[in-house]
Amino acid sequence: PLAHPPAVSVAPVARTLRGRIDAVFLDVPSPWLAIPLAAAVLKANARIATYSPCFEQVFKTCEALREHNFHSIRTMEVRHKQFELRRTCMPHLDFGDGDSVGVGE
C-alpha cells in the first residue's frame, strides 16, 4: 500500500503568504487539491503550472482552476523525445581573417 503523509493544516501558510507569490508549479499526483491554497497565495494575475500524466488529472485540475476564478487556462501536451548524440569532426572554417577554427575539436 502507498504511504500517505498526514493531513496538515495549510491555513497558517495561506495567511502568511496571501497574495505574495508570483508563480506556483505543481508536480504532484492530485494537483487539483492544491488549487485552493495556490489561489490564496498567488498575486493577482500570477501564473500556475501543473504537470499531470493523464487526462483525468488534467480535467480535475482545470475544473478546480475555474472554480477558483483562474482565467486564460491552457493545456499542452509534452511528449518525451529521445535524442541520439554523437561526436563528429567538421572541416576547419576560414573566416577570412587568417584564423581558422576547427569545429568539433
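Strands, β2 among them, are DSSP runs of E with at least two residues, numbered from the N terminus. In this predicted model, β2 gives the most to the lining of the largest pocket: nine residues. The structure also holds one aromatic pair, formed by Phe55 and Phe59.

**Largest pocket**

- The volume of the largest pocket is about 1,100 Å³.
- Its lining counts 30 residues, and the closest to the pocket centre are Ile48, Ala49, Thr50, Leu65 and Arg74.
- Two or more lining residues come from each of β2 (42-50) and α3 (55-67).
- By class, the lining of the largest pocket splits into 17 nonpolar, nine polar and four charged residues.

**Aromatic pair**

- A pair of aromatic rings is described by two values, the distance of the centres and the angle of the planes.
- For Phe55 and Phe59, the rings lie 6.3 Å apart, centre to centre.
- Their planes make an angle of 35°.
- The pair counts as tilted because 35° is neither under 30 degrees, the stacked range, nor over 60, the edge-to-face range.
- Phe55 and Phe59 are four residues apart in helix α3, so about one helical turn separates them.

**Exposure of the two rings' residues**

- Phe55 has a relative accessible area of 61%, so Phe55 is exposed, the cut-off being over 50%.
- Phe59 has a relative accessible area of 44%, so Phe59 is partly exposed, between the 20% and 50% limits.

Technical notes
Residues are numbered from 1 along each chain as its sequence is written. This is a predicted model: local features need pLDDT of at least 70, side-chain atom pairs count only at pLDDT 80 or more; totals for chains, interfaces and linings use all residues. Side-chain values use heavy atoms; hydrogens and water are left out. On a 1 Å grid over the protein atoms alone, a cavity is a set of points where a 1.4 Å probe fits but cannot get out, and a pocket is an open set with protein on both sides within 12 Å along at least five of seven lines; lining residues have an atom within 4 Å of a point. Grid points are joined across faces, edges and corners, and a volume is the space filled by probe spheres set on the points. Ala, Val, Leu, Ile, Met, Phe, Trp, Tyr, Cys and Pro count as nonpolar, Asp, Glu, Lys and Arg as charged, and the others, Gly among them, as polar. Rings of Phe, Tyr and Trp (its six-membered ring) pair if their centres lie within 6.5 Å; planes under 30 degrees apart count as stacked, over 60 as edge-to-face and the rest as tilted. Buried means under 20% relative accessible area, exposed over 50%, partly exposed in between (1.4 Å probe, protein chains only).
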